[in-house]
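Here are a few short exercises on charged pairs, each with a worked solution. Grab your viewer and follow along.

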Amino acid sequence: MMTKVEPILSVQLPPNFKPERRYILSVLLNRFLGIDFKICTSENSKETVISFPGNSNKITIADALFGFTDDLWLTQESMPQTPFRNFTLPQELSNHMHSSEPIPVIYGEVLENGEYIKISNDGINFGIDLLGASFFLLTRYEEIVIQDVDKHSRFPSSSSILVQQGVITKPIVNIYTDVLKAAMITLWPQLEAVIKKRSYQVILSHDVDRPWIAYKRSIPEMIRSLGKDIILRKDLSLFVKRSLAFISGMTGNFYFDHDPANSFDFIMSNSERYNLKSTFNFVSISTAALDPSYSISHPWIIKLMKEIVRRGHLIGLHTSYDSYLDSNRTTDEYNRLREVTSYFYNQSILDVRQHYLRWKNPETWQNLENAGLVYDSSLTFADVAGFRCGVCYDFPVFNLKTRSKLKIIEKPLIIMENALFALPNSSRRIEMSTHLAEECRKYKGDFTFLCHNSSLQSRSEREEYKAILSAIS
């Protein structure tokens, strides 16, 4: 008979927003730190109190976000105050931290001592709302409150409070979790032995929007591309390769293997060099003008997918342009991909990314949940690299409208290569990639990087990709 393991910590909560509070505690304490806990509710409590059995010291955390009344929830009035203030941890806590840099305050107020933290004989009191702010970031709270959209109906980076406050390159939820861990180890050193051990990892994925780019192109389009090969890319070999691929198509015998967008062997070889597995996300059903034009059952695509599987890499779903608000379409596309790959892919297809990163909170997450998918990796900005969710760990998501935790796991995307193109040169792009990878390394998190196969056509593009891969791996 197995012995029941009792929770390590006891957490006393105020009475309101119970599903929301339980969710963020389960993510931060249990999933991120590996610490079990039990919850009790106090009708009179106005703050969260964490205690350790047999010890009189307590951790008290201010209640800011969850302190708003129901009528202000998910409204502009409940958004964080800006500009963000910063606080510095006292030496007792910073000794247990991965970084001693000033920490942004998203929600919270100074305590009676004029600081955001007070350490006394009774324990540690936080005026900063570590839990509410983490909930705000992980659930993408602001993306329901703020209704701004760009031309693809996406939440724009310019409306993100993290971008506006210049902290998009900081994994704030990881920092807050680190602060909470430091407080617990300071008061209860024996906890250090049970905290989850993590390791830094690189997660590579590649959305297959254009498996070929010379096939069935018009002559004016091809002339423009060839001109760019000579004038902008200064790559004669690419000019020749593109020309030969296009000419072969005109003869009715297109040589797909020689198409400039066919960088699949290059991608897999470089992933294998660092013992990494790449996930290639394929569109299974195209319906909109901005969807890829290839067929998932095309003989060359089948051949490509078989080669990906043979080399030990993974296949994922790239949902179509209009699927992000359509649960039935999402399910149909997932089933179609599974149907086509069922006779040569003996693994479950788990991963998905939205085409054009089109995502709406919380409808898209719910669609993916309904379809039976497991991992989404759509949450970054198309034009700004960084931590849109404030974190470099994967996490179960929360539906803010149904007030329920979902099974779908978000693997937050840190960089899409298009966001790097906004930087002026290769050195800056490598520098940004290195910086974000170092932030992930601090917290032994996941550096998730998306690079499309069609973005690796020229010699210079491939050399830069290799340099980035070297820097982050």
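A salt bridge here is a side-chain nitrogen of Lys or Arg within 4 Å of a carboxyl oxygen of Asp or Glu. The model is predicted, so local features need pLDDT of at least 70 and side-chain atom pairs count only at pLDDT 80 or more, while totals for chains, interfaces and linings use all residues. Residues are numbered from 1 along each chain as its sequence is written, and side-chain values use heavy atoms, leaving out hydrogens and water.

**Exercise 1.** Work out which parts of the chain the salt bridge of Glu101 and Lys170 ties together.

*Solution.* Start with the contact: the two side chains meet at 3.0 Å, N to O. Next, place them: Glu101 sits in the loop between helix H2 (91-94) and strand S6 (103-105), and Lys170 in the loop between helix H5 (161-164) and helix H6 (172-187), so the bridge ties together parts 69 residues apart in sequence. Helices (H or I, at least four residues) and strands (E, at least two) are DSSP runs, numbered from the N terminus.

**Exercise 2.** Glu143 pairs with Arg388; are these two buried or exposed?

*Solution.* First, the cut-offs: buried means under 20% relative accessible area, exposed over 50%, partly exposed in between (1.4 Å probe, protein chains only). Then the pair: its closest N and O atoms are 2.8 Å apart. Finally, the verdict: Glu143 and Arg388 are both buried.

**Exercise 3.** Find how many salt bridges the rule gives.

*Solution.* Apply the rule throughout, and the count comes to 26.
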